[in-house]
Amino acid sequence: MVKWVLLNVCKDETGKSKKLSAAEVSKYCTCAVEADGKLTNSQKWEIQSSVNQKKSPATLAFVQKQNTDLQACFGPQLTGKLKTLTE
């Protein structure tokens, strides 16, 4: 139930920009919610600690692995499109 709510909130928020198709929004949200659900509380605290110290969480090994896993989940087409949108 909670996962379903998180997916719907993600789809609503992500879809507002109209930059991704409905299928891309669905794929993005499914991958993102799955990845977030795998983070432990300790890892979330490490991320927050990095932010509080004005450091990039991207330097943390588990964040790098999560990013690699996310890109694999998204696939090359969606990964490329997302990179273009964030540049």
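This is a short chat about helix H2 and the core of a predicted model.

Biologist: What should I know about the model and the numbering before I start?

Modeller: The model is predicted, so local features need pLDDT of at least 70 and side-chain atom pairs count only at pLDDT 80 or more, while totals for chains, interfaces and linings use all residues. Residues are numbered from 1 along each chain as its sequence is written, and side-chain values use heavy atoms, with hydrogens and water left out.

Biologist: How many residues does helix H2 have, and what does it reach?

Modeller: H2 covers residues 22-38, 17 in total, and reaches 25 Å from its first C-alpha to its last. That is close to the 24 Å expected at 1.5 Å a residue, taken as 1.5 Å times one less than the number of residues. Helices here are DSSP runs (H or I, at least four residues), numbered from the N terminus.

Biologist: Which residues of H2 are buried?

Modeller: Glu24, Val25, Cys29, Cys31, Val33 and Ala35. Buried means under 20% relative accessible area with a 1.4 Å probe, protein chains only.

Biologist: What covers them?

Modeller: The cover includes helix H1 (2-15) and helix H4 (61-86).

Biologist: What does Cys31 touch?

Modeller: Beyond its neighbours within four places in sequence, Cys31 is in contact (heavy atoms within 4.5 Å) with Leu70, Cys73 and Phe74.

Biologist: Switching to Leu78: why does it count as buried?

Modeller: Because its relative accessibility is 6%. Leu78 lies in helix H4, and its C-alpha is 8.6 Å from that of Lys27, 51 residues apart along the chain.

Key
Helices (H or I, at least four residues) and strands (E, at least two) are DSSP runs, numbered from the N terminus. Buried means under 20% relative accessible area, exposed over 50%, partly exposed in between (1.4 Å probe, protein chains only).
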